[in-house]
Amino acid sequence: MPNHAQRLEFPNPLPHIRAPRGENPGIVAGYFRDQAEANRGAAKAKMAKKLFIKSYGCQMNVYDSGRMADVLTPLGYESVDAPEAADMVILNTCHIREKAAEKVYSELGRLKQMKADKDDMIIAVAGCVAQAEGQEILNRAPVVDMVFGPQSYHRLPDMIAKLEGGAKNILDTDFPVEDKFDALPKVGGAGKGKGAPAAFLTVQEGCDKFCTFCVVPYTRGAEFSRPVEKVLAEARALAESGTREVTLLGQNVNAYHGEAAGGATWGLAELITALADIEGLDRIRYTTSHPRDMDDALIAAHGDVEKLMPYLHLPVQAGSDKVLKAMNRQHTADGYRALVTRIRAARPDLAMSSDFIVGFPGETDEDFEQTLQLVRDIGYAQCFSFKYSPRPGTPGADMKDQVPEDVKAERLARLQALLNEQAASFHASMVGRELDVLFEKPGRHEGQIIGRSPYLQAVHAKAPASLIGQIGRVRIIKAKTNSLEGELIAPGVREVA
Ligand code: SF4
């Protein structure tokens with residue numbers, strides 16, 4: 001087993017280098033520096049270990065994967081794009097989707113083949129499947145070296161040290177008392193890489209709502225909000241590194257109640273208002289929210305805070321009160337309608353997004369029709385919809401009246417047809433409009449770059465790559481299925497309401 005925890009140590013190159021005679025001391029110093037850099041690069045190339053993290057599921061996992069990479073950077077790990085090239089592979093798993101655990105086991109089967117050719121490869125399973133399955137993963141897949149949950153990945157260096165000490169099949173799915181965020185490196189990669197134009201920032205974790213279909217309260221634990229100052233410090237660091245947009249993350253982000261100076265407790269609206277004062281940070285988003293936690297201050301913030309983008313993911317899941325009750329959603333369909341009306345009164349151009357589950361136990365044709373009606377009433381820009389699939393350990397899994405698969409499939413197809421129609425119509429309504437676009441990366445075609453509109457749509461435009469990281473004004477000329485095409489009018493324009 002190689003020494004995976006070994007830190008990079010560079011030999012002092014200076015004794016081996018002599019300055020060319022008669023050289024200007026400044027040039028000599030530069031020469032020494034260059035040589036030192038070259039030697040450091042060579043040492044790093046020789047000693048760096050390769051890390052591949054496969055992230056499944058939600059943005060929280062993308063953020064966590066970025067933070068795992070941050071934790072491992074001081075140990076000499078650098079990211080690669082393929083598991084074949086890696087010394088360590090981490091599967092950062094999600095338990096929301098159907099057959100999540102089975103998919104992880106089949107991926108582990110592939111990794112086992114790779115490890116057969118590369119004995120010192122470390123294989124780890126992280127995330128919600130790791131939290132839920134725990135020891136079972138090690139029993140079924142002994143090739144796995146480490147299993148750890150979303151609350152313990154900051155202990156990766158300790159786990160690696162234990163592996164080096166000869167330990168095998170390490171399991172850490174505790175909910176430790178120490179603050180994970182305190183133990184993480186101070187400037188976060190925040191999921192999309194340091195200095196990325198748009199970054200994630202976790203402000204809240206866990207959930208106390210216990211919807212009957214959901215494993216999150218079991219895998220991520222009780223609600224926890226990061227203290228205000230720590231969130232602001234991370235946001236400032238991101239802004240200083242070039243990030244222009246942050247998406248505040250939490251399983252139930254609008255339940256945020258962070259400790260502020262003087263013993264006060266801030267809600268999400270106060271946090272957003274303070275973040276909006278950070279120089280260089282031009283856009284703020286948040287996800288995922290629960291209708292019960294949209295308080296008056298947060299609704300008002302949608303009208304008052306110019307930097308808060310006019311796009312809200314507010315899952316409703318179903319349009320039937322009977323089904324919502326069975327889901328323990330703690331809101332009604334009409335309550336949701338009224339809430340959206342209030343938020344749109346504060347921000348009239350607000351684009352809405354939601355999650356839907358069809359075929360929850362006991363859902364009748366009439367219940368499903370009520371879901372379709374709610375979709376028609378709200379009018380969504382973009383949604384995520386799934387067939388219900390039971391999660392072991394959740395109350396929904398034991399409910400009677402499970403809906404047959406063919407009925408779920410037929411309902412899902414009808415729902416998605418309606419949602420796709422609404423999404424297409426929302427996209428089409430952008431043609432001819434001028435939008436501010438935060439450019440994030442090069443496009444697939446020569447001379448093209450891609451960014452996001454205020455409504456989170458992908459926008460392609462012909463523009464120089466130097467505009468990546470800036471907000472430009474774009475006239476939309478075409479709506480495609482999943483993106484918009486536009487012409488750049490003016491680069492570097494700041495967001496306007
Ligand atoms: S509010 Fe969201 S995270 Fe919490 S239990 Fe319900 S679906 Fe899961």
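The following exercises, each with a worked solution, concern the predicted model shown above.

Residues are numbered from 1 along each chain as its sequence is written. As the model is predicted, local features need pLDDT of at least 70 and side-chain atom pairs count only at pLDDT 80 or more, while totals for chains, interfaces and linings use all residues.

**Exercise 1. Describe the protein chain as a whole by its secondary structure, buried residues and contacts.**

Step 1. The secondary structure comes to 15 helices and 21 strands. Helices (H or I, at least four residues) and strands (E, at least two) are DSSP runs, numbered from the N terminus.

Step 2. Of the 497 residues in the protein chain, 42% are buried. A residue is buried if 20 or more other C-beta atoms lie within 10 Å of its own, exposed if 12 or fewer, and partly exposed in between, with C-beta atoms placed from the backbone.

Step 3. Among contacts between residues at least 6 apart in sequence, 73% join residues at least 24 apart. Two residues are in contact if their C-beta atoms, placed from the backbone, lie within 7 Å.

**Exercise 2. Identify the largest nonpolar core and the helix that gives the largest share of it.**

Step 1. The largest nonpolar core has 118 residues. Such a core is a set of buried Ala, Val, Leu, Ile, Met, Phe, Trp, Tyr and Cys residues joined through C-beta atoms within 7 Å.

Step 2. The residues with the most contacts inside this core are Val89, Ala124, Val125, Ala126, Val144, Leu201 and Leu271. Helix H2 (residues 59–72) supplies the largest share, six residues.

Step 3. Eleven of the 14 residues of H2 are buried, including Met60, Val62, Met68 and Leu72. The end C-alpha atoms of H2 are 20 Å apart, which agrees with the 20 Å that its 14 residues should span at 1.5 Å a residue; the expected span is 1.5 Å times one less than the number of residues.

Step 4. Val144 is in contact with Leu108, Ile123, Ala124, Val125, Ile137, Leu138 and Asn169, leaving aside its neighbours within four places in sequence.

**Exercise 3. Determine how strand E4 is enclosed and which strands pair with it.**

Step 1. Strand E4 (residues 122–126) is largely enclosed by the rest of the structure, because five of its five residues are buried.

Step 2. In a regular strand the side chains alternate between the two faces of the sheet. In E4, Ile122, Ala124 and Ala126 are buried on one side, and Ile123 and Val125 are buried on the other.

Step 3. E3 and E4 run parallel and are joined by five bridges; strands pair if DSSP finds at least two bridges between them. Ile90 has Ala124 as its bridge partner in E4.

Step 4. E4 also pairs with strand E5 (residues 146–148) in the parallel sense, over two bridges. The partner of Ala124 in E5 is Met146.

**Exercise 4. Follow strand E13 into the loop after it and locate the cis peptide bond.**

Step 1. Strand E13 (residues 283–287) is mostly covered, with five of its five residues buried. Arg283, Arg285 and Thr287 are on one side, and Ile284 and Tyr286 are on the other.

Step 2. E13 pairs with strand E10 (residues 245–249) in the parallel sense over five bridges. Thr247 stands opposite Arg285.

Step 3. Thr287 and Thr288 are joined by a cis peptide bond with omega of about 5°. Thr288 is in the loop between E13 and helix H11 (296–304).

**Exercise 5. List the residues around the ligand and sort them by class.**

Step 1. Cys207, Lys209, Phe210, Cys211, Cys214, Val216, Pro217, Gln251, Asn252 and His290 surround the ligand. A residue is near a molecule if its C-beta atom, placed from the backbone, lies within 6 Å of it.

Step 2. The shell has six nonpolar, three polar and one charged residues. Ala, Val, Leu, Ile, Met, Phe, Trp, Tyr, Cys and Pro count as nonpolar, Asp, Glu, Lys and Arg as charged, and the others, Gly among them, as polar.

**Exercise 6. State the phi values of Asp401 and Leu456 and how exposed each residue is.**

Step 1. Asp401, although not a glycine, has a positive phi of about 60°. Asp401 counts as exposed because it has 10 C-beta neighbours inside 10 Å.

Step 2. Leu456 has a positive phi near 70°. With 18 C-beta neighbours inside 10 Å, Leu456 counts as partly exposed.
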